[in-house]
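Q: I would like to take a close look at a single part of this model, going slowly enough for a first-year student to follow.

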Amino acid sequence: MDRNEIYAEIFDEYRREKKAAERKSEQLKSTLYKSIPRLSEIDDEIKKSGIELFKSAVNHGDMQKFEDFKNNCNKLRLERQNILKNIGMDEKALEPAYKCKKCSDTGMTGTVRCDCFNRKLAQKYYQLSNLGDILERENFDNFKYEMFSKEKKENNISPYENIKKITSEAVFAIENIENKPLNMLFYGHSGLGKSFMCNCIAKELMDRGYFVIYMSAYKLFSTMTNVRFNNASNAERETAGLLEECDLLVIDDLGTEGVNSSTVPEFFDIINTRLRAGKSMLISTNLDVTDIGAVYTERVLSRILGNFKIFKFIGSDLRIH
(Lines give C-alpha, C1' and ligand atoms only; values in the text may rest on other atoms or scores of the structure.)
Protein backbone atom coordinates (compact mmCIF):
# COMPACT_ATOMS: atom_id res chain seq x y z
CA MET A 1 0.00 0.00 0.00
CA ASP A 2 1.54 3.35 -1.05
CA ARG A 3 1.10 6.73 0.61
CA ASN A 4 -1.84 7.82 -1.57
CA GLU A 5 -3.71 4.63 -0.74
CA ILE A 6 -3.03 5.10 2.97
CA TYR A 7 -4.27 8.72 2.81
CA ALA A 8 -7.38 7.66 0.88
CA GLU A 9 -8.12 4.98 3.48
CA ILE A 10 -7.75 7.47 6.35
CA PHE A 11 -10.03 10.05 4.72
CA ASP A 12 -12.60 7.32 4.07
CA GLU A 13 -12.53 6.61 7.80
CA TYR A 14 -13.07 10.30 8.51
CA ARG A 15 -16.03 10.45 6.15
CA ARG A 16 -17.63 7.46 7.82
CA GLU A 17 -16.99 8.81 11.33
CA LYS A 18 -18.28 12.28 10.43
CA LYS A 19 -21.38 10.88 8.74
CA ALA A 20 -22.10 8.59 11.70
CA ALA A 21 -21.80 11.47 14.20
CA GLU A 22 -24.07 13.71 12.13
CA ARG A 23 -26.61 10.94 11.54
CA LYS A 24 -26.80 10.25 15.27
CA SER A 25 -27.29 13.97 15.93
CA GLU A 26 -30.11 14.17 13.38
CA GLN A 27 -31.79 11.10 14.87
CA LEU A 28 -31.73 12.73 18.31
CA LYS A 29 -33.15 15.96 16.91
CA SER A 30 -35.88 14.05 15.08
CA THR A 31 -36.90 12.29 18.29
CA LEU A 32 -36.97 15.56 20.23
CA TYR A 33 -38.90 17.38 17.49
CA LYS A 34 -41.61 14.73 17.60
CA SER A 35 -41.97 14.95 21.37
CA ILE A 36 -41.48 18.74 21.56
CA PRO A 37 -42.64 20.32 18.23
CA ARG A 38 -41.72 23.79 19.46
CA LEU A 39 -38.02 22.91 19.13
CA SER A 40 -38.50 22.24 15.41
CA GLU A 41 -40.41 25.49 15.03
CA ILE A 42 -37.61 27.44 16.71
CA ASP A 43 -34.96 25.98 14.39
CA ASP A 44 -37.12 26.74 11.33
CA GLU A 45 -37.67 30.32 12.48
CA ILE A 46 -33.93 30.86 12.98
CA LYS A 47 -33.19 29.50 9.49
CA LYS A 48 -35.89 31.61 7.82
CA SER A 49 -34.75 34.75 9.61
CA GLY A 50 -31.21 34.12 8.47
CA ILE A 51 -32.26 33.80 4.83
CA GLU A 52 -34.32 37.00 5.01
CA LEU A 53 -31.47 38.86 6.65
CA PHE A 54 -29.01 37.72 3.98
CA LYS A 55 -31.32 38.94 1.23
CA SER A 56 -31.78 42.24 2.98
CA ALA A 57 -28.05 42.71 3.51
CA VAL A 58 -27.31 41.98 -0.15
CA ASN A 59 -29.98 44.29 -1.46
CA HIS A 60 -30.04 47.15 1.03
CA GLY A 61 -27.50 46.68 3.82
CA ASP A 62 -30.23 47.46 6.35
CA MET A 63 -28.50 47.54 9.78
CA GLN A 64 -31.80 47.83 11.62
CA LYS A 65 -32.91 44.50 10.17
CA PHE A 66 -29.61 43.03 11.25
CA GLU A 67 -30.19 44.16 14.83
CA ASP A 68 -33.76 42.87 14.74
CA PHE A 69 -32.54 39.51 13.48
CA LYS A 70 -29.86 39.28 16.14
CA ASN A 71 -32.29 40.11 18.93
CA ASN A 72 -34.90 37.69 17.61
CA CYS A 73 -32.35 34.90 17.27
CA ASN A 74 -31.12 35.49 20.80
CA LYS A 75 -34.68 35.18 22.10
CA LEU A 76 -35.27 32.00 20.11
CA ARG A 77 -32.01 30.45 21.27
CA LEU A 78 -32.77 31.34 24.88
CA GLU A 79 -36.19 29.74 24.53
CA ARG A 80 -34.57 26.60 23.08
CA GLN A 81 -32.04 26.48 25.91
CA ASN A 82 -34.81 26.72 28.52
CA ILE A 83 -36.83 23.95 26.86
CA LEU A 84 -33.82 21.65 26.81
CA LYS A 85 -32.84 22.59 30.35
CA ASN A 86 -36.31 21.62 31.57
CA ILE A 87 -35.82 18.10 30.19
CA GLY A 88 -32.28 17.84 31.61
CA MET A 89 -30.42 18.29 28.34
CA ASP A 90 -27.64 20.67 27.34
CA GLU A 91 -27.87 22.42 23.98
CA LYS A 92 -24.51 20.98 22.96
CA ALA A 93 -26.04 17.51 23.09
CA LEU A 94 -27.83 18.33 19.83
CA GLU A 95 -24.53 18.95 18.05
CA PRO A 96 -22.70 16.08 16.31
CA ALA A 97 -20.38 14.29 18.75
CA TYR A 98 -17.28 14.39 16.57
CA LYS A 99 -14.35 12.30 17.76
CA CYS A 100 -12.06 15.28 17.14
CA LYS A 101 -13.46 18.67 18.15
CA LYS A 102 -10.53 20.42 16.50
CA CYS A 103 -11.22 19.31 12.91
CA SER A 104 -14.83 18.04 13.23
CA ASP A 105 -13.70 14.65 11.89
CA THR A 106 -12.36 15.99 8.60
CA GLY A 107 -8.67 15.38 9.31
CA MET A 108 -7.82 18.97 8.36
CA THR A 109 -7.67 22.28 10.19
CA GLY A 110 -7.68 24.73 7.32
CA THR A 111 -5.03 23.51 4.91
CA VAL A 112 -2.99 21.75 7.62
CA ARG A 113 -3.33 18.12 8.70
CA CYS A 114 -4.92 17.80 12.12
CA ASP A 115 -3.03 16.11 14.96
CA CYS A 116 -5.59 13.31 14.90
CA PHE A 117 -4.71 12.64 11.25
CA ASN A 118 -1.07 12.18 12.21
CA ARG A 119 -2.09 9.71 14.92
CA LYS A 120 -4.17 7.74 12.42
CA LEU A 121 -1.25 7.80 9.99
CA ALA A 122 1.13 6.45 12.61
CA GLN A 123 -1.33 3.68 13.47
CA LYS A 124 -1.56 2.74 9.78
CA TYR A 125 2.22 2.49 9.61
CA TYR A 126 2.16 0.29 12.71
CA GLN A 127 -0.36 -2.03 11.08
CA LEU A 128 1.59 -2.21 7.84
CA SER A 129 4.81 -3.06 9.67
CA ASN A 130 3.07 -5.71 11.81
CA LEU A 131 3.75 -3.66 14.95
CA GLY A 132 0.00 -3.42 15.50
CA ASP A 133 -0.08 -7.16 16.25
CA ILE A 134 3.02 -6.91 18.43
CA LEU A 135 1.50 -4.16 20.56
CA GLU A 136 -1.59 -6.25 21.11
CA ARG A 137 0.69 -8.81 22.76
CA GLU A 138 3.38 -6.61 24.29
CA ASN A 139 1.64 -4.17 26.62
CA PHE A 140 1.24 -3.52 30.33
CA ASP A 141 -1.80 -5.80 30.54
CA ASN A 142 0.33 -8.74 29.41
CA PHE A 143 3.44 -7.82 31.40
CA LYS A 144 4.48 -10.73 33.63
CA TYR A 145 6.77 -9.78 36.50
CA GLU A 146 7.18 -13.43 37.50
CA MET A 147 9.39 -13.92 34.43
CA PHE A 148 12.11 -11.94 36.21
CA SER A 149 14.36 -13.57 38.76
CA LYS A 150 14.18 -12.55 42.40
CA GLU A 151 17.81 -13.52 42.93
CA LYS A 152 19.95 -10.57 43.94
CA LYS A 153 22.30 -9.37 41.21
CA GLU A 154 24.00 -6.03 40.65
CA ASN A 155 24.00 -3.53 43.53
CA ASN A 156 22.17 -6.14 45.64
CA ILE A 157 18.97 -5.78 43.60
CA SER A 158 17.15 -8.54 41.76
CA PRO A 159 15.90 -8.33 38.13
CA TYR A 160 12.39 -8.58 39.59
CA GLU A 161 12.88 -5.56 41.85
CA ASN A 162 14.63 -3.69 39.05
CA ILE A 163 11.84 -4.17 36.49
CA LYS A 164 9.21 -3.23 39.07
CA LYS A 165 11.06 0.05 39.65
CA ILE A 166 11.43 0.71 35.92
CA THR A 167 7.73 0.01 35.33
CA SER A 168 6.76 2.33 38.18
CA GLU A 169 8.92 5.11 36.72
CA ALA A 170 7.49 4.52 33.24
CA VAL A 171 3.89 4.67 34.45
CA PHE A 172 4.64 7.85 36.42
CA ALA A 173 6.21 9.45 33.33
CA ILE A 174 3.19 8.48 31.21
CA GLU A 175 0.78 10.00 33.73
CA ASN A 176 2.78 13.24 33.80
CA ILE A 177 3.73 13.54 30.13
CA GLU A 178 1.66 16.71 29.75
CA ASN A 179 3.81 18.42 32.38
CA LYS A 180 7.20 16.91 31.57
CA PRO A 181 8.55 15.10 28.48
CA LEU A 182 9.00 11.35 28.84
CA ASN A 183 12.70 11.00 28.04
CA MET A 184 14.13 7.58 28.94
CA LEU A 185 17.12 5.47 27.96
CA PHE A 186 16.97 1.70 28.50
CA TYR A 187 20.26 -0.18 28.27
CA GLY A 188 21.52 -3.68 28.98
CA HIS A 189 22.21 -6.98 27.25
CA SER A 190 19.82 -8.52 24.71
CA GLY A 191 16.71 -10.35 25.89
CA LEU A 192 16.16 -8.45 29.15
CA GLY A 193 12.84 -6.82 28.23
CA LYS A 194 13.94 -3.42 26.88
CA SER A 195 11.97 -3.60 23.64
CA PHE A 196 8.98 -5.09 25.47
CA MET A 197 8.94 -2.13 27.86
CA CYS A 198 9.23 0.27 24.92
CA ASN A 199 6.22 -1.41 23.34
CA CYS A 200 4.25 -1.18 26.58
CA ILE A 201 4.87 2.56 26.83
CA ALA A 202 4.13 3.14 23.14
CA LYS A 203 0.87 1.18 23.33
CA GLU A 204 -0.29 2.99 26.47
CA LEU A 205 0.33 6.42 24.97
CA MET A 206 -1.28 5.50 21.64
CA ASP A 207 -4.36 4.27 23.50
CA ARG A 208 -4.50 7.67 25.20
CA GLY A 209 -4.47 9.42 21.83
CA TYR A 210 -0.82 10.45 21.62
CA PHE A 211 1.06 10.39 18.33
CA VAL A 212 3.87 7.82 18.58
CA ILE A 213 6.50 6.82 16.03
CA TYR A 214 8.44 3.65 16.74
CA MET A 215 11.53 2.87 14.64
CA SER A 216 14.56 0.65 14.86
CA ALA A 217 17.80 2.64 14.87
CA TYR A 218 18.73 1.03 11.55
CA LYS A 219 15.49 2.11 9.90
CA LEU A 220 15.63 5.60 11.43
CA PHE A 221 19.15 6.41 10.27
CA SER A 222 18.77 4.82 6.85
CA THR A 223 15.62 6.91 6.36
CA MET A 224 17.34 10.13 7.42
CA THR A 225 20.38 9.38 5.24
CA ASN A 226 18.19 8.69 2.21
CA VAL A 227 16.32 11.95 2.78
CA ARG A 228 19.56 13.88 3.12
CA PHE A 229 20.90 12.51 -0.18
CA ASN A 230 17.55 12.65 -2.04
CA ASN A 231 17.27 8.87 -2.33
CA ALA A 232 14.22 8.56 -0.10
CA SER A 233 10.94 6.93 -1.04
CA ASN A 234 7.67 8.81 -0.51
CA ALA A 235 7.07 6.82 2.67
CA GLU A 236 10.54 7.68 4.01
CA ARG A 237 10.06 11.39 3.31
CA GLU A 238 6.69 11.22 5.02
CA THR A 239 8.20 9.53 8.07
CA ALA A 240 11.07 12.02 8.27
CA GLY A 241 8.57 14.87 8.20
CA LEU A 242 6.68 13.37 11.12
CA LEU A 243 9.73 12.84 13.37
CA GLU A 244 9.51 16.37 14.74
CA GLU A 245 5.73 16.31 15.10
CA CYS A 246 5.15 13.08 17.02
CA ASP A 247 4.54 13.20 20.77
CA LEU A 248 6.87 10.27 21.41
CA LEU A 249 9.73 8.99 19.24
CA VAL A 250 10.89 5.48 20.14
CA ILE A 251 14.33 4.43 18.85
CA ASP A 252 14.89 0.72 19.38
CA ASP A 253 18.25 -1.09 19.27
CA LEU A 254 20.49 1.96 19.10
CA GLY A 255 24.00 0.85 18.12
CA THR A 256 22.96 -1.93 15.74
CA GLU A 257 22.55 0.38 12.75
CA GLY A 258 26.21 0.57 11.74
CA VAL A 259 27.55 4.00 12.61
CA ASN A 260 28.95 6.12 9.78
CA SER A 261 29.85 9.75 9.11
CA SER A 262 26.20 10.79 8.72
CA THR A 263 24.74 8.81 11.64
CA VAL A 264 26.25 10.86 14.47
CA PRO A 265 25.15 14.33 13.26
CA GLU A 266 21.71 12.95 12.37
CA PHE A 267 21.34 11.48 15.86
CA PHE A 268 22.44 14.70 17.54
CA ASP A 269 20.06 16.79 15.41
CA ILE A 270 17.11 14.51 16.23
CA ILE A 271 17.82 14.62 19.97
CA ASN A 272 18.55 18.34 20.05
CA THR A 273 15.51 19.30 17.98
CA ARG A 274 13.12 17.24 20.08
CA LEU A 275 14.58 18.43 23.37
CA ARG A 276 14.17 22.06 22.33
CA ALA A 277 10.59 21.37 21.28
CA GLY A 278 9.81 19.65 24.59
CA LYS A 279 9.00 16.37 22.80
CA SER A 280 9.44 12.94 24.36
CA MET A 281 11.97 10.26 23.38
CA LEU A 282 12.49 6.65 24.37
CA ILE A 283 15.72 4.88 23.42
CA SER A 284 16.75 1.25 23.93
CA THR A 285 20.28 0.02 23.36
CA ASN A 286 22.67 -2.86 24.11
CA LEU A 287 25.46 -0.32 24.54
CA ASP A 288 26.68 0.76 27.96
CA VAL A 289 26.27 4.45 28.71
CA THR A 290 30.03 5.06 28.34
CA ASP A 291 29.97 3.31 24.96
CA ILE A 292 27.31 5.76 23.73
CA GLY A 293 29.77 8.59 24.29
CA ALA A 294 32.53 6.71 22.49
CA VAL A 295 30.33 5.82 19.50
CA TYR A 296 28.17 8.93 19.15
CA THR A 297 30.47 11.56 20.73
CA GLU A 298 30.47 13.20 24.13
CA ARG A 299 28.13 15.90 22.84
CA VAL A 300 25.38 13.34 22.25
CA LEU A 301 26.06 11.65 25.57
CA SER A 302 25.88 15.01 27.34
CA ARG A 303 22.38 15.64 25.94
CA ILE A 304 21.27 12.20 27.13
CA LEU A 305 22.80 12.45 30.60
CA GLY A 306 21.34 15.92 31.10
CA ASN A 307 17.82 15.23 29.87
CA PHE A 308 17.03 11.50 30.04
CA LYS A 309 16.25 9.14 32.90
CA ILE A 310 18.59 6.19 32.45
CA PHE A 311 17.67 2.63 33.43
CA LYS A 312 19.80 -0.48 33.24
CA PHE A 313 18.07 -3.81 32.58
CA ILE A 314 19.72 -6.70 34.42
CA GLY A 315 19.44 -10.48 34.63
CA SER A 316 19.52 -13.37 32.18
CA ASP A 317 18.14 -13.57 28.65
CA LEU A 318 14.37 -14.08 29.07
CA ARG A 319 14.03 -15.53 25.59
CA ILE A 320 15.94 -18.71 26.40
CA HIS A 321 13.72 -19.68 29.38
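What covers the buried residues of H11?

A: Since this is a predicted model, what follows describes computed geometry. It helps to begin with the helix itself. H11 runs over residues 289-296, and its buried residues are Val289, Ile292, Gly293 and Tyr296. These four lie on the same side of H11, because the arc they cover around the axis is only 100°. Thr290 and Ala294, by contrast, sit on the other side of H11 and are exposed.

The cover over the buried residues of H11 includes both strands and helices: among the strands are E3 (183-187), E5 (248-254), E6 (280-285) and E7 (309-312), while the helices include H10 (263-276) and H12 (298-307). Just after H11 comes Thr297, which has a positive phi, near 85°.

Two of the covering elements, H10 and H12, also deserve attention as a pair. Their axes come within 10 Å and cross at roughly 30°; with angles under 35 degrees counting as roughly parallel, H10 and H12 are therefore roughly parallel to each other. The crossing of H10 and H12 is left-handed. On the H10 side, the contact is made by Phe267, Phe268, Ile271, Asn272 and Leu275, and on the H12 side by Arg299, Val300, Arg303, Ile304 and Asn307. Sorted by character, the residues of this contact between H10 and H12 comprise six nonpolar, two polar and two charged.

Definitions and conventions: Residues are numbered from 1 along each chain as its sequence is written. This is a predicted model: local features need pLDDT of at least 70, side-chain atom pairs count only at pLDDT 80 or more; totals for chains, interfaces and linings use all residues. Side-chain values use heavy atoms; hydrogens and water are left out. Buried means under 20% relative accessible area, exposed over 50%, partly exposed in between (1.4 Å probe, protein chains only). The arc is that of the directions from the helix axis to the C-beta atoms. Contact means heavy atoms within 4.5 Å. Axes are lines fitted to C-alpha atoms, for helices over the stretch in contact, and angles run from 0 to 180 degrees between N-to-C directions. Angles under 35 degrees count as roughly parallel, over 145 as roughly antiparallel, 65 to 115 as roughly perpendicular and the rest as oblique. A crossing is left-handed if the near helix is turned anticlockwise from the far one by less than a right angle, and right-handed if clockwise. Ala, Val, Leu, Ile, Met, Phe, Trp, Tyr, Cys and Pro count as nonpolar, Asp, Glu, Lys and Arg as charged, and the others, Gly among them, as polar.
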